[in-house]
Amino acid sequence: MATLLSINALQASVAQAERQVQKDQVRVSQDADRLDASRDQLATDKQKLADNQRVSNQATQAAEKPAPAVNLNRAIENPPRAEQKLPAELQPPKPQVNTLGQTIGQFINTTA
């Protein structure tokens, strides 16, 4: 026959096993939550990586295109006289005419 001591020991063992099972179930649940969070983070990181690679490829392609050649021959040549124009502040003043129709400069020269 089973003794009271052995029954108590069995009950204690069963209770301890149940507590261990509950702890393990909580741990499994927490691990599953962390796994889901890790999968979400992995998906986000993959998307960021794909975006960064796309931007990098676009930048590389843009950098590989050579700049259009600049023709320096025209920049060094003097343009024709018709194309040359001085700014208004550098142009000589227009002669002023007095009431007799003479320019002031000619009037001064003839009377002096």
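Colleague: D31 and R34 both lie in helix α1, 3 residues apart, about one turn of the helix; what makes their contact a salt bridge in this predicted model?

Modeller: The closest N and O atoms of D31 and R34 are 2.3 Å apart, and since the rule asks for a side-chain nitrogen of Lys or Arg within 4 Å of a carboxyl oxygen of Asp or Glu, the pair therefore qualifies.

Colleague: Why is D31 called partly exposed?

Modeller: The relative accessible area of D31 is 37%, and because buried means under 20% and exposed means over 50%, that residue falls in between.

Colleague: How many salt bridges does the rule give, and which other side chains meet in one?

Modeller: The count comes to 3; R27 meets D24 at 3.6 Å, N to O, and R54 meets D51, with 3.6 Å from N to O as well. Both R27 and D24 belong to helix α1, separated by 3 residues, about one turn of the helix, and R54 and D51 are likewise 3 residues apart in helix α1.

Colleague: What makes D51 partly exposed rather than buried?

Modeller: D51 has a relative accessible area of 29%, and buried would require a value under 20%, so the residue is not counted as buried. R54, at 44%, is partly exposed too.

Colleague: Where in the chain is confidence highest, and where is it lowest?

Modeller: Helix α1, residues 4-64, has the highest mean pLDDT, at 92, whereas helix α3, residues 104-111, has the lowest, at 57. For the chain, the mean pLDDT is 81, with 76% of residues reaching 70 or more.

Key
Residues numbered from 1 in each chain as written. Predicted model: local features only at pLDDT ≥ 70, side-chain atom pairs only at ≥ 80, totals over all residues. Heavy atoms only, no water. pLDDT = per-residue confidence, 0-100. Helix = DSSP H or I, 4+ residues; strand = E, 2+ residues; numbered from the N terminus. Buried < 20%, exposed > 50% of the residue type's maximum accessible area, 1.4 Å probe, protein only.
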